[in-house]
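Student: Can you take me through one part of this model closely? Please give the cut-offs as you go.

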Amino acid sequence: MNLSQLYYFQKLAEIQHYSTAAKELHISQPALSSAISSLESELYVPLFQKCGRNVKLTDYGKEFYSYVTKSLRYIEQGSAIMQEYSNHISGTISIGCIPTLLNDYLPGIIHDYQEKYESSNFEVFHGMSKDVVEGVLSKKYDIGICSKIDDIPDLVFVPISYQEIITICRDDDKSIIGDSIPISYLKGRDDIITYRTNIQIGKTISSVLKKNNIDATQKYDDEISIAGIISKFGGFGVCANTSFLDQFNNIRRLHISDLPLSTRLIYMCYNKTALHPSIVESFMNFIVINKLNLPE
């Protein structure tokens with residue numbers, strides 16, 4: 001048994017088609033078939049069974065796949081650590097990220113990482129958390145920076161930052177003295193707007209409002225839409241405190257005194273079934289070690 005056989009086995013297990021897997025491995029189909037047959041002979045168990053024109057893992061193959069995936073991941077992690085010791089690491093990292101972190105947070109991390117590893121390159125895509133998660137799940141992205149979405153067993157979510165949930169109003173609203181209010185101040189009002197509940201942050205804030213018997217009359221997709229309504233017509237918005245609000249010069253930001261800062265956490269997510277290149281492992285470690293920004 002050798003390392004190439006394990007890589008070949010993992011690729012075929014994921015693709016479930018000999019010719020397609022061989023093409024992605026840049027080897028001939030007979031070479032792949034020979035490697036898998038040799039592996040099965042050495043293990044004395046069948047790893048694959050035919051399923052029409054495709055193949056699928058046997059029960060033995062499924063169990064072996066879990067061990068192989070973990071082993072190859074450890075090898076990659078070890079390789080990344082060794083390369084970090086010599087500051088010699090290169091490659092391209094594909095990241096899916098929610099838009100509100102593209103103005104300062106993520107660019108700052110990328111800049112600092114590239115100062116250490118000049119040969120590193122990045123491809124950055126933006127979308128709602130649901131889209132980012134789907135991209136990581138399908139292995140389109142190496143890493144996602146987004147909200148946590150539950151019940152996706154193949155993904156790991158690591159908290160790395162937060163966005164404070166605040167209330168906004170027009171700066172000519174004289175009904176509030178100071179820069180903070182309790183959440184109960186919003187109870188009974190008919191001019192509250194926030195996010196739609198079909199996005200993750202909307203679900204989070206909807207839960208908070210519901211627990212406090214507060215109703216939002218209008219719902220939108222982002223801070224720009226929420227602040228735009230408040231800026232023109234008044235009322236109160238409940239949203240994340242992001243750079244998107246900076247463009248409104250007549251908006252006042254109010255802390256919600258009894259709402260924990262941890263209400264809106266930002267996560268780095270990755271697919272635990274994917275075999276990440278050394279540079280991806282290195283970048284994820286860099287974020288966890290150097291760039292965590294979590295509330296105390």
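**Strands, a buried arginine and salt bridges**

Tutor: Start with one cross-strand pair: isoleucine 93 stands opposite phenylalanine 122 in β4. The model is predicted: local features need pLDDT of at least 70, side-chain atom pairs count only at pLDDT 80 or more, and totals for chains, interfaces and linings use all residues. Residues are numbered from 1 along each chain as its sequence is written, and side-chain values use heavy atoms, with hydrogens and water left out.

Strand β3 covers residues 91–97, and five of its seven residues are buried. Buried means under 20% relative accessible area, exposed over 50%, and partly exposed in between (1.4 Å probe, protein chains only). Helices (H or I, at least four residues) and strands (E, at least two) are DSSP runs, numbered from the N terminus. Two strands pair if DSSP finds at least two bridges between them.

β3 pairs with β4 (residues 120–126) in the parallel sense, over seven bridges. Helix α5 (residues 105–116) joins β3 and β4 in a right-handed β-α-β unit. Right-handed here means that, with the strands pointing away from the viewer, the path from the first strand over the helix to the second runs clockwise. β3 also runs parallel to β5 (residues 143–146), with three bridges. There, glycine 96 stands opposite glycine 144.

Next, the open sheet. Six strands form it, in the order β8-β12-β7-β11-β9-β10, and the pairing is mixed. Its edge strands, β8 (180–181) and β10 (218–220), each pair on one side only. β11 (residues 236–240) has five of five residues buried, so the rest of the structure largely encloses it. β7 (residues 165–170) runs antiparallel to β11, with four bridges. Isoleucine 166 has cysteine 239 of β11 as its bridge partner. β9 (residues 192–195) is parallel to β11, with two bridges. Isoleucine 193 partners glycine 237 there. β9 also pairs with β10, in the parallel sense, over three bridges. Tyrosine 195 partners tyrosine 220 in β10.

Now a charged residue. Arginine 264 sits in the loop between β12 (251–256) and β13 (265–271). Arginine 264 is buried yet has no salt bridge. A salt bridge is a side-chain nitrogen of Lys or Arg within 4 Å of a carboxyl oxygen of Asp or Glu. Its nearest side chain of opposite charge, glutamate 223, is 6.1 Å away. Lys and Arg count as positive, Asp and Glu as negative; His and the chain ends are not counted. The contacts of arginine 264 (heavy atoms within 4.5 Å), leaving aside neighbours within four places in sequence, include Ile98, Tyr162 and Ile201.

Salt bridges do occur elsewhere: a search of the whole structure finds eight. One joins aspartate 112 and lysine 291 (2.4 Å, N to O). Aspartate 112 lies in α5 and lysine 291 in the segment after α9 (278–290), so the pair ties together parts that are 179 residues apart in sequence. Aspartate 112 is partly exposed at 27% relative accessible area, and lysine 291 is partly exposed at 22%.

Another links aspartate 221 to arginine 196, with the closest N and O atoms 3.1 Å apart. Aspartate 221 lies in the loop between β10 and α8 (223–233) and arginine 196 in the loop between β9 and α7 (200–211), so this pair ties together parts that are 25 residues apart in sequence. Aspartate 221 is partly exposed at 31%, as is arginine 196 at 37%.
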